[in-house]
Amino acid sequence: MKNKELILTSAQVRNRTLLSLVFLFSFFGICVAGWKWLQKQPKEKSALKPLRKALDANESIFLGMFNNNHLSKTYPKSLAVPRVRVNGNYGLNEDFDPATWSLQLVKSAGDTLLISLDEIKKLPKTEIVFDFKCIEGWSQVTHWGGVKFSDFVKYYGLEEQTQLQFAGFITPDEDYYVGIDMKSMMHPQTMLCYEMNDKPLPLNQGFPLRLIIPVKYGVKHLKRIGRMYFSNQRPPDFWYERGYDYFCGL
Amino acid sequence: MKRIVRKHPLAIRWFHWLNFPILAVMIWSGMLIYWANDVYRIGWGNKTILKFFPDSFNKALNIPFRLAEGMSLHFFFMWLFVINGLLYFLYLLFSKEWKLIFPGKKALKEAWQVILHDLHIKRTLPPQKKYNAAQRIAYTAVILMGFLMLLTGLAIYKPAQLYWLCAILGGYEWARAEHFIITILFCLFFLVHVIQVMIAGWNNFRGMVTGFEVVKTKKIPVEPTANNVPENNIQPTATS
């Protein structure tokens, strides 16, 4: 139909209309069939397989664009909330005895370093006040103190380990665990945290040591680190297994 | 015989109808995500006129506890929304169709006259091409809303990497609220759009399906030229 105007018989108009309607309804039919097909797909880590593939593809796109100089917005201390929201207590088993705790740093298979909280506190201290973002959609300006992960790496000579793609964290009771890509770990705002609002972490916020990683949703800020290790494969991740994105990068 | 006039190019019709299922999935998955922190309402102080969304509404649609599913859908279909939207916009620019959509200088005044006409207060309409001024404003606004949807979405998707975008939009929480408000506006647009299309009738609707509209004429003039002088000089008669 090149010309702007055409003169057709009524039958021709009817036929053209019918043909187009057949196309439109076929299109809707394909959409509905596609939706039903999608819902019937097998699941991978609790997410429909095609959608899991899309999440993983998004991860490689945004990890490829990840820039260490792009920082989460920080705030003055006065804006930090005094009462910090507690959301979830997976991995915070009641039996925990802080006196016997030390960080297990697995440098390689069979080479585990035990590090006490006092030793960690001797490392250069850093503080951050940022908008903590939960995957549920809420956020809160909170104040944390600890050691930058990149400083920790330097002090304990983990240059070789940080050449691997992931770091894994697991709570002492092994109920909660996360895996994090190394680029995000080495981000200058990522820290092993032992203070909140200038005081030692409360038990329900992960005493003695937790992860604070502003370039990730809260689910990755594992409370009460028991063991830390490094790997080229994705370490197991609690919410990943429950259908969420592995990356969770902001 | 009927005289038909081209109205919507094939590309525009594809963009238009593709947008329908894409937006449906984006809004649905957005609702699954929003439920996990459903803090928005219309009201003041302790007085709430409308909660987004009432619990009965959530339950009726089986929305609760599907955050992970919502996110996986949202972050796949977002690509289709962006690709379809950008191709549509590029098509508007390069095909010059934008001239038929973007409002002109007198658009506001004319749109007011269109509204008076639609409310049966005024009988005449200002002269128009494909769209009247009110349509031009509405359709251009919806394109802008699409862009804002993309920008606010990116700001809450990557607030650290796109910290500057997040800042421009008033911060993380504002960007989330804006993303939500634009969704509501999209739904309102959809409602008005469907009602207006129903009022406008079959011929107009068919335009978005077939691409053409039938123009009513009593006589179809055939200008005799060197090429088309009918041999028997029979004039076709209009039967519309």
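In which loop of chain B is Phe53(B) found? In this predicted model, Phe53(B) sits in the loop that runs between strand 3 (47-51) and helix 2 (55-60) of chain B, and the report starts from the backbone at that point before turning to helices and to pairs of residues.

## Cis peptide bonds

The bond that joins Phe52(B) and Phe53(B) is a cis peptide bond, with omega about -5°. Chain A has a cis peptide bond as well, from Phe207(A) to Pro208(A), where omega is near 5°; Pro208(A) is placed in the loop between strand 11 (199-200) and strand 12 (210-212) of chain A.

As background to these bonds and to the residues of the next section, most peptide bonds are trans, and most residues other than glycine have a negative phi.

## Positive phi outside glycine

Asp198(A), which is not a glycine, has a positive phi near 65°, and its place is in the loop between strand 10 (191-196) and strand 11 of chain A. Is Asp198(A) buried or exposed? Asp198(A) is exposed, because 11 other C-beta atoms lie within 10 Å, and a residue with 12 or fewer falls in that class.

Arg224(A) is likewise not a glycine and has a positive phi, of about 55°; this residue lies in the loop between strand 12 and strand 13 (227-231) of chain A. Unlike an exposed residue, Arg224(A) is buried, because 27 other C-beta atoms are found within 10 Å, where 20 or more are needed for that class. In chain B, Lys96(B), with a positive phi near 70°, follows helix 3.

## Helix 3 of chain B

Helix 3 of chain B covers residues 67-95, which is 29 residues, and spans 41 Å from its first C-alpha to its last, close to the 42 Å expected at 1.5 Å a residue. Where is the kink in helix 3 of chain B centred? The kink, of about 30°, is centred on Phe77(B).

## Helix packing in chain B

Two packed helices are described by the angle between their axes and the distance between the axes. For helix 1 (residues 10-34) of chain B and helix 3 of chain B, the angle is about 155° and the axes are 8 Å apart. These two helices are therefore roughly antiparallel to each other, since angles over 145 degrees are counted in that way. By class, the contact of helix 1 with helix 3 of chain B has 17 nonpolar, six polar and one charged residues. Helix 1 of chain B passes helix 3 of chain B in a left-handed crossing.

A further pair in chain B is formed by helix 6 (residues 133-157) and helix 8 (residues 172-200), whose axes come within 9 Å and cross at roughly 150°. That angle makes helix 6 of chain B roughly antiparallel to helix 8 of chain B, and the crossing of helix 6 and helix 8 of chain B is left-handed.

## Sequence and space in chain A

Gly146(A) lies in strand 7 (residues 139-148) of chain A and is buried, because 26 other C-beta atoms lie within 10 Å. How far apart in space are Lys125(A) and Gly146(A), C-alpha to C-alpha? Their distance is 5.4 Å, although 21 residues separate them in sequence. Gly146(A) and Glu127(A), which are 19 residues apart in sequence, are 6.4 Å apart in space, again C-alpha to C-alpha.

Lys125(A) itself is found in the loop between helix 3 (117-121) and strand 6 (126-133) of chain A, and this lysine counts as partly exposed, because there are 15 C-beta neighbours inside 10 Å.

## Sequence and space in chain B

Val209(B), in helix 9 (residues 202-210) of chain B, counts as partly exposed because it has 19 C-beta neighbours inside 10 Å, and residues are counted as buried from 20. Val209(B) and Met31(B) are 178 residues apart in sequence, and their C-alpha atoms are 30 Å apart in space.

Val142(B) is found in helix 6 of chain B and is partly exposed, because 16 other C-beta atoms lie within 10 Å. From Val142(B) to Lys51(B) the separation is 91 residues in sequence and 25 Å in space, C-alpha to C-alpha.

Key:
Residues are numbered from 1 along each chain as its sequence is written. Chains are lettered from A and ligands numbered from 1 in the order in which they are written. This is a predicted model: local features need pLDDT of at least 70, side-chain atom pairs count only at pLDDT 80 or more; totals for chains, interfaces and linings use all residues. Helices (H or I, at least four residues) and strands (E, at least two) are DSSP runs, numbered from the N terminus. The expected span of a helix is 1.5 Å times one less than its number of residues. The bend at a residue is the angle between axes fitted to the seven residues ending there and the seven starting there. Axes are lines fitted to C-alpha atoms, for helices over the stretch in contact, and angles run from 0 to 180 degrees between N-to-C directions. Angles under 35 degrees count as roughly parallel, over 145 as roughly antiparallel, 65 to 115 as roughly perpendicular and the rest as oblique. A crossing is left-handed if the near helix is turned anticlockwise from the far one by less than a right angle, and right-handed if clockwise. Ala, Val, Leu, Ile, Met, Phe, Trp, Tyr, Cys and Pro count as nonpolar, Asp, Glu, Lys and Arg as charged, and the others, Gly among them, as polar.
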